[in-house]
Amino acid sequence: MFAIFESILPIFLLIIAGNVLRRTPLIRDETWPGLEQLCYWFLYPALLFITIANADFSKLRLDALLGALSVSVFAMILLVLALWPVLRASRLIRHSQYSSLFQTAVRWNGFMALAVAQKLFPPEGAAVVALVMATIIIPINIASVFVVTRFADSSASWSKVLLDVARNPMVLAAAAAVVLRFLPFGLYPPLNQTLDLVGRAALGMGLLTIGASLRPGDFLAARAALWTSAFLKLVFFPVLMISIALVFGVSGPALDYLALCAAVPTAMNGYLLARQLGGDAPLYASITTLQTALAFFTIPLVLTVVAQLASG
C-alpha cells in the first residue's frame with residue numbers, strides 16, 4: 001500500500017501546488033478561470049482524443065471488461081437518480097443541490113486516473129483508462145447535462161438538453177476519436193505529434209487547475225451533500241464496479257485498471273458545466289475538494305484490496 005501511496009504522491013503534489021499558487025500574488029486571480037476554460041475547451045479534449053485514438057487495445061479482453069464497465073456505470077446512474085425521492089423526503093438535500101450531488105457521484109476524474117495509470121501500470125493500463133473514457137464519457141455527460149438542465153430549469157426543452165450535449169467538448173472529442181479508429185487511415189503524423197504535445201501539457205496544467213479550484217474552507221457548508229457524494233463516489237462505486245467486474249470474470253491486471261477508474265474522485269469539468277447551465281457550482285467545488293482530499297487515502301486502499309483479490 002505504501003508503494004501505491006508513493007506512486008500517486010506526485011499527482012497530489014501538483015494539486016497542492018495549484019492550490020498554493022492560487023493563494024500567492026504570483027498569479028492573479030482572474031488568470032485561473034481562463035486556464036480552466038483552456039483546459040475544458042482545448043487541453044482536456046485534445047488529451048482525450050489523442051489517448052483514445054492511439055491506445056493499443058490488442059492485449060485486452062474487451063468483452064468482459066466493457067460489459068462490467070457499462071453495467072456498473074448505468075447501474076450507478078440509475079441508483080443515484082432513484083435516490084432523489086429519498087433525499088428529497090429526508091430534507092437533507094435541497095432541490096438546487098441535487099444536480100451537483102448527482103454529477104459528483106457519477107463523474108470520474110479520468111485525467112487523474114490516466115496520470116496514476118501512467119505512473120503505476122504498464123502501457124496497457126493507460127490504454128484501459130482511455131477505453132473507459134471512450135466508453136462512458138458520452139453517456140455520463142448526457143446524463144449530467146440532462147440532470148443539471150432539468151434541475152436548474154424544469155421547463156428546459158429536450159432540444160436545449162440535446163444542444164448542450166452536442167456541443168460538449170468532451171463528448172465531441174471522444175466521439176471523434178472513436179470514429180477515427182474505425183476509419184481505414186490514421187491521424188496525419190505531424191497532427192498526431194502536435195496533439196501529443198498538447199496532451200502532455202494537459203495533465204500537468206489540469207492538475208494545477210484542479211488544485212487552484214479547491215477551497216478547503218468550504219468543507220463546513222452543505223455537509224449532508226458533501227459526505228453523501230463522497231460515500232457514493234469513493235466507497236459505494238468502487239465496491240459496485242469491482243463486484244460487477246468479478247461477476248463478469250474480469251481478473252488480474254484488468255481488475256486493477258477498472259478499480260483505479262472507479263476509485264478516483266469526481267471530475268472538475270462538471271464544475272464548469274454546473275456554472276454554465278445554472279447548477280450549484282460552489283457546492284460542486286466543495287464536494288470536489290473533499291473527494292480529492294479523501295482520494296489521497298482511498299485510492300491506495302482500493303488498489304491494495306483489489307491487488308489481493310487479483311492475486312487470488
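Visitor: Is arginine 200 buried or exposed?
Guide: This is a predicted model, so we go by computed accessibility, and over 50% relative accessible area is what it takes to be exposed. Arginine 200 comes out at 61% relative accessibility. That puts arginine 200 in the class called exposed.

Visitor: Which side chain does arginine 200 meet in a salt bridge?
Guide: Look along helix H9, where the two residues sit four apart, about one turn of the helix. In general, an α-helix has 3.6 residues a turn, so residues three or four places apart point the same way. The N to O distance here is 3.0 Å. The partner of arginine 200 is aspartate 196.

Visitor: And how does aspartate 196 count for accessibility?
Guide: The class between buried and exposed runs from 20% to 50%. Aspartate 196 has 28% relative accessibility, so it counts as partly exposed.

Visitor: How far apart are the closest N and O atoms in the salt bridge of glutamate 30?
Guide: The structure holds two salt bridges, and one of them joins glutamate 30 to arginine 28. Both of these residues are exposed. Their closest N and O atoms are separated by 3.7 Å.

Visitor: Why is helix H5 described as largely enclosed by the rest of the structure?
Guide: H5 covers residues 110-120, which makes eleven residues to go through. Among the buried ones are Phe111, Met112, Leu114 and Val116. H5 is largely enclosed because the number of its residues that are buried is eight.

Visitor: Which backbone nitrogen does the side chain of asparagine 109 reach at the start of H5?
Guide: A side-chain oxygen of asparagine 109 makes this approach, coming to within 3.0 Å. The residue on the other end is one of the buried residues of H5. The nitrogen belongs to methionine 112.

Visitor: What kind of aromatic pair do tryptophan 84 and phenylalanine 151 form?
Guide: There are seven aromatic pairs in the count. For this one, the rings are 5.4 Å apart centre to centre, with 85° between the planes. Planes over 60 degrees apart fall in one class, and the pair is therefore edge-to-face.

Visitor: How many residues apart in sequence are the parts that this pair ties together?
Guide: Tryptophan 84 lies in helix H3 (residues 62-90), while phenylalanine 151 belongs to helix H6 (residues 123-152). Tryptophan 84 is buried at 10% relative accessible area, and phenylalanine 151 is buried too, at 18%. Trp84 and Phe151 also belong to one aromatic cluster with Tyr98 and Phe102. Along the sequence, the parts tied together are 67 residues apart.

Visitor: What separates the C-alpha atoms of threonine 149 and glycine 279?
Guide: Threonine 149 is found in helix H6 and is buried, with a relative accessible area of 2%. A polar atom of its side chain lies 2.6 Å from the backbone oxygen of valine 145. Glycine 279 is 130 residues away from threonine 149 along the chain, yet their C-alpha atoms are separated by 7.7 Å.

Visitor: Which element gives the most to the lining of the largest pocket?
Guide: The largest pocket holds about 360 Å³ of space. Of its 18 lining residues, the closest to the centre are Thr51, Asn54, Leu114, Gln118 and Ala126. Helices H2 (31-54), H5, H6 and H9 (189-213) each give two or more residues to that lining. The most, five residues, comes from H6.

Visitor: How many nonpolar residues are in the lining of the largest cavity?
Guide: The largest cavity has a volume of about 170 Å³. Of its 16 lining residues, Trp108, Gly110, Ile137, Ala267 and Asn269 are the closest to the centre. Sorted by class, the lining has four polar residues, one charged, and, for nonpolar, eleven.

Visitor: Which helix supplies the largest share of the lining of the second largest cavity?
Guide: This cavity has a volume of about 100 Å³, and its lining includes Glu36, Tyr44, Thr209 and Tyr271. At least two lining residues come from each of H2, H9 and helix H12 (269-277). The largest share is four residues, and those come from H2.

Key: Residues are numbered from 1 along each chain as its sequence is written. This is a predicted model: local features need pLDDT of at least 70, side-chain atom pairs count only at pLDDT 80 or more; totals for chains, interfaces and linings use all residues. Side-chain values use heavy atoms; hydrogens and water are left out. Buried means under 20% relative accessible area, exposed over 50%, partly exposed in between (1.4 Å probe, protein chains only). A polar contact is a pair of N or O atoms within 3.5 Å; within protein, one must be able to donate a hydrogen and the other to accept it, and residues adjacent in sequence count only if both atoms are side-chain atoms. Rings of Phe, Tyr and Trp (its six-membered ring) pair if their centres lie within 6.5 Å; planes under 30 degrees apart count as stacked, over 60 as edge-to-face and the rest as tilted. On a 1 Å grid over the protein atoms alone, a cavity is a set of points where a 1.4 Å probe fits but cannot get out, and a pocket is an open set with protein on both sides within 12 Å along at least five of seven lines; lining residues have an atom within 4 Å of a point. Grid points are joined across faces, edges and corners, and a volume is the space filled by probe spheres set on the points. Ala, Val, Leu, Ile, Met, Phe, Trp, Tyr, Cys and Pro count as nonpolar, Asp, Glu, Lys and Arg as charged, and the others, Gly among them, as polar. A salt bridge is a side-chain nitrogen of Lys or Arg within 4 Å of a carboxyl oxygen of Asp or Glu.
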